[in-house]
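Visitor: Before we go through the details, could you set the model in front of us and then take my questions in turn?

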Amino acid sequence: ILENCPYISQNIGTINFWQNTMGTVVGIRRGEELILSPGPYATLQYMDIIYFIGNDECIERVQKFLYPD
């Protein structure tokens, strides 16, 4: 998660991640910590790495959602 992401400090459920991307977040890497199956209340923080699963178009939808032009 880069600093230009509009969803920093917001939780996965509030931003409707799945509804907007059709991707399911299965993990968040935060520094040395790996949060598995983070659930809807986990927040996105600057420099997090999110792991998600979805269909072939999911990567593009996630990129457009997290970094709209």
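Guide: One definition comes in first: a residue is called buried when its relative accessible area is under 20%, exposed when that area is over 50%, and partly exposed in between. Please keep in mind that this is a predicted model.

Visitor: Is C58 buried or exposed?

Guide: The limit for a buried residue is a relative accessible area under 20%. C58 has a relative accessible area of 1%, and it is therefore classed as buried.

Visitor: How many disulfides does a search of the whole structure find?

Guide: A disulfide requires a pair of cysteine sulfur atoms within 2.5 Å. For C5, the nearest cysteine sulfur is that of C58, 15 Å away, and the sulfur of C58 likewise has its closest cysteine sulfur in C5, which at 15 Å is too far for a bond. The search of the whole structure accordingly gives a number of disulfides equal to zero.

Visitor: Which residues does T21 touch, leaving aside those up to four places away in sequence?

Guide: T21 lies in helix 1, residues 17-21, and with 0% relative accessibility it counts as buried. Its side chain reaches the backbone oxygen of F17 at 2.7 Å, while a polar atom of the T21 side chain lies 3.0 Å from the backbone nitrogen of G23. Beyond four places in sequence, the residues that T21 touches are C58, R61, V62 and F65.

Visitor: Which residue meets R30 in a salt bridge?

Guide: The side chain of R30 takes part in a salt bridge with an N to O distance of 2.7 Å, and the partner is D48. The pair links distant parts of the chain, 18 residues apart, with R30 in strand 1 and its partner in the loop between strand 2 and strand 3. R30 counts as partly exposed at 28% relative accessibility, whereas the partner is buried at 2%, and that partner is D48.

Visitor: In which helix do E60 and K64 both lie?

Guide: The side chains of E60 and K64 meet in a salt bridge at 3.0 Å, N to O. E60 is partly exposed, with a relative accessible area of 45%, and K64, at 54%, counts as exposed. The two are four residues apart, about one turn of the helix, and both lie in helix 2.

Visitor: Which strand supplies the largest share of the nonpolar patch?

Guide: The patch on the surface is formed by V26, L34, L36, I49, Y51 and I53, with about 550 Å² of accessible area together. Strand 2 and strand 3 each supply at least two of its residues. The largest share, three residues, comes from strand 3.

Terms used
Residues are numbered from 1 along each chain as its sequence is written. This is a predicted model: local features need pLDDT of at least 70, side-chain atom pairs count only at pLDDT 80 or more; totals for chains, interfaces and linings use all residues. Side-chain values use heavy atoms; hydrogens and water are left out. Buried means under 20% relative accessible area, exposed over 50%, partly exposed in between (1.4 Å probe, protein chains only). Patches are made of residues with over 30% relative accessible area and no salt bridge: like charges are joined within 9 Å, nonpolar side chains (Val, Leu, Ile, Met, Phe, Trp, Tyr) within 5 Å. Accessible areas come from the Shrake-Rupley method with a 1.4 Å probe; for residues, only the protein chains shown count as cover. A salt bridge is a side-chain nitrogen of Lys or Arg within 4 Å of a carboxyl oxygen of Asp or Glu. A polar contact is a pair of N or O atoms within 3.5 Å; within protein, one must be able to donate a hydrogen and the other to accept it, and residues adjacent in sequence count only if both atoms are side-chain atoms. Contact means heavy atoms within 4.5 Å.
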